[in-house]
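Please open the structure in your viewer and keep the sequence panel beside it. This tour moves from one selection to the next, and at each stop it says what to look for.

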Amino acid sequence: MSKSPVKIMDTTFRDAHQSLHATRMKLEDIVPIAEKMDQVGFHSLEVWGGATFDSCLRFLREDPWERLRTIRALVKNTKLQMLLRGQNLVGYRHYPDDVVEKFVEKTVENGIDILRIFDAINDLRNLEKSVEATLKYGGIAEVAFCYTVGPIYTIDYFIELAKRIRDMGAHIICIKDMAGLLDPYTAYELIKRLKEEIALPIHLHTHDTAGMAVATTIKAIEAGVDIVDTSISTMAGGTSQPPLETICHILKGSERDPQFNMELLDEIADYFYEVRKKYKSLESEYIGPDPKVIVYQVPGGMLSNLVNQLREQNALHRIKEVMEEIPHVREDFGFPPLVTPSSQIVGTQATLNVLTGERYKMVTTETKNYFKGLYGKPPAPVNEEVRKKILGDEEFITVRPADLLPPEFEKAKAELKEKAKSDEDVLSYCLFPKIYLEFLEAKEKGIKEEVSMPQKEEQKPTPTGLAPTEFMINLYGESYHVKVGGKGHKVDGKRPYFLYVNNQLVEVIVEPLQEIVPTEEGKVELKPKESIRPRATEAGDVTSPMPGTVVKIKVKKGDKVSSGDTVVIVEAMKMENEIHAPVDGLVEEIYIKEGDMVNPDEVMIRIR
Ligand code: MN
């Protein structure tokens, strides 16, 4: 058992605000405190990767590479760490090997020392390339396995996985408990076995979602874990990491006390006490412990996502059925750990199973791809009957998914032309093409995201008789302040509306479902626009089981279709859903075009 002081990774600049504030911490809040953080004596500072790359481009309008270089220039002594989703890098799909290698090369070059690499379904083939590149370019490879619970997940299972990780050439092994499911006594047993059987440093990552993280961290330290993750107290707890100072106080005087300067930690805590206020509106309303996570074995983020999805579908009262469906779906899927993206895929599929009243009657593209093997090999065999129902005669793959992907880097470089000033720019484009172009455009125009939002109590009451023009909208756990600015002149039957979203002016061109009509007294009223689509009456009427947006129409008027053919893809609940022909016949009429919003009882396509 290790008798030396426990090493600490601080997550304040990455996971803490990713978990508490939807990854919105701006660089301007990191810069003033970075040098103080460097003086603490942390093993490492987690500053990059995970959702930060996406959030920087999409919301903060910051260049993620620039952000990394700025932090690197300020943090001179402490190692910088990042989270990398294996072949998914910091995105949501598998990227080809040339992009993975280039990304890792540039990551190390721009200042990251330690790369924590994991795969959502623990298919180690999805880590091979990034681990190999990390070793090649001189980074420290910390390879993580996702901790989860379920019939196949015994201590022996994880020990076997850890041995295979060791054999890949990892420098450090990480237990990634992304949902906060690891209880103190299991942590003790798991870490004791890992320390006995594997001669590598062990790093524990957990979350305080269920309120167990302090206890789990302390038992892990007792068992001899080498490194643990904490966050400064004022950014800790709840869905974030356990509080650093609390751990220090517990260990005071013991041989594993990290012996940090508590006055310095106090100063840092005071700083973040103020910073946190700025992001208050992004925080969930309830920030205390949520032990239900253990019962449902569903990460906190996934739970709030489901609630929002169901609310959107007017089906919040069915949450219990969905929660009961999740374990069935997870079993059919071969017990994947529930973490991005598997948590969304399983959660949405369970919701569809409940709302449509029949398992896998309707499946998302992601579910289909999962059963095709495009995410890798599930931890346990999938339910073959379900696979047959979903894929029919379509083939599935058993090779490493990235083996089938052609190189993309040079192609992306050619597409960007003179817009690409560096390889880093090309990588940002490879990862998020549409968002990166929007980011460039916003940069040109000098548009910056405004995080400071009016608090809910500042909302002015609406004068009676007038339609409200100012709203706080809660969407997927985030709050947006929306103010109607005015409307422009109609062009081609479409009218532009000007809205302020978080004080930023946006122009929205819409065909409103509700027309805003001024009355004689200078007031306004909302008049519903008549639906342009007929109501479904016959068996051949193709409808969407839930409100959504038409992504793709797969048939033309006059096409012959068979029952079960995919005729249209509708995006609902952030997932693409295939809608099938209910009968054999000919496409008589198409009432939709791509991009249209559709409602459940409307006919999208008529088959006769
Ligand atoms: Mn985490």
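Which residues coordinate the manganese ion? Select D15, H205 and H207 together with the ion: in this predicted model, the manganese ion is coordinated by the OD of D15, the NE2 of H205 and the NE2 of H207, at 2.1 to 2.2 Å. Read along the chain, these donors follow the spacing D-x189-H-x1-H. Because D15 lies in helix α1 (residues 12-20) and H205 lies in strand β7, the pair ties together parts that are 190 residues apart in sequence. If you then colour by accessibility, D15 counts as buried because its relative accessibility is 4%, and H205 counts as buried too, at 1% relative accessibility.

**The barrel**

Next, switch to a cartoon view and select strands β1 to β8, which close into a barrel in the order β1-β2-β3-β4-β5-β6-β7-β8, with parallel pairing. From one strand to the next, the twist averages 30°. To see where the barrel closes, select residues 7-10, which are strand β1, and residues 227-230, which are strand β8: the two pair in the parallel sense over four bridges. Within that pairing, I8 has V228 in β8 as its bridge partner. Now add residues 184-197, which form helix α8; this helix packs on the sheet and touches β5 (140-146), β6 (172-176) and β7 (202-205), while its direction makes about 165° with that of β6.

Stay with the barrel and select residues 79-84, strand β3. Is this strand largely enclosed or left open by the rest of the structure? Five of its six residues are buried, so strand β3 is largely enclosed by the rest of the structure. On one side, five bridges join β3 to strand β2 (residues 44-49), and the two run parallel; L45 has L80 in β3 as its bridge partner. Strand β4 (residues 114-117) is also joined to β3, here by four bridges and again in parallel, and you can find L83 standing opposite R116 in β4. As a general point to keep in mind while you look, strands of a sheet pair through backbone hydrogen bonds, either parallel or antiparallel.

**A buried phenylalanine**

Now select F103, whose place is in helix α5 (residues 97-109). F103 counts as buried because its relative accessibility is 0%. Leaving out residues up to four places away in sequence, show what F103 touches: W48, F53, W65, M82, L84, L89, V90, L427 and L431. Then draw a distance from the C-alpha of F103 to that of V426, which are 9.8 Å apart in space although 323 residues separate them in sequence. In the largest nonpolar core, which has 103 residues, F103, I175 and F272 touch the most other members. A second core, separate from this one, has 27 residues, among them L306, L338, I345 and Y360.

**A threonine in a loop**

Select T364 next, and you will find it in the loop between α15 (342-356) and α16 (365-372). Is T364 buried or exposed? T364 is buried, because its relative accessible area is 0%. Apart from neighbours within four places in sequence, T364 is in contact with T348, Q349, L352, M575, E576 and N577.

**The open sheet**

Move on to strands β19, β18, β16 and β21, which form an open sheet in the order β19-β18-β16-β21, with antiparallel pairing. At the edges stand β19 (575-580) and β21 (597-598), each with a single partner strand, so one side of each is left without a neighbour in the sheet. Strand β16 (residues 548-553) pairs with β21 in the antiparallel sense over two bridges, and in β21 the bridge partner of T549 is M597.

**The whole chain**

Finally, zoom out and colour by confidence. The protein averages a pLDDT of 88, and 87% of the residues score at least 70. Select residues 450-466 for a part to read with care: the pLDDT is below 50 over this stretch, which has 28 contacts in the model beyond near neighbours in sequence. The secondary structure of the protein comes to 20 helices and 22 strands, and buried residues make up 52% of its 608 residues. Among contacts with a separation of 6 or more, 68% are between residues 24 or more positions apart.

Terms used
Residues are numbered from 1 along each chain as its sequence is written. This is a predicted model: local features need pLDDT of at least 70, side-chain atom pairs count only at pLDDT 80 or more; totals for chains, interfaces and linings use all residues. Side-chain values use heavy atoms; hydrogens and water are left out. Two strands pair if DSSP finds at least two bridges between them. Axes are lines fitted to C-alpha atoms, for helices over the stretch in contact, and angles run from 0 to 180 degrees between N-to-C directions. Contact means heavy atoms within 4.5 Å. pLDDT is the predictor's confidence in each residue, from 0 to 100. Buried means under 20% relative accessible area, exposed over 50%, partly exposed in between (1.4 Å probe, protein chains only). A nonpolar core is a set of buried Ala, Val, Leu, Ile, Met, Phe, Trp, Tyr and Cys residues joined through side-chain atoms within 4.5 Å. Donors are N, O and S atoms within 2.8 Å of the metal (3.2 Å for Na, K and Ca); water is not among the atoms, so sites may look incomplete.
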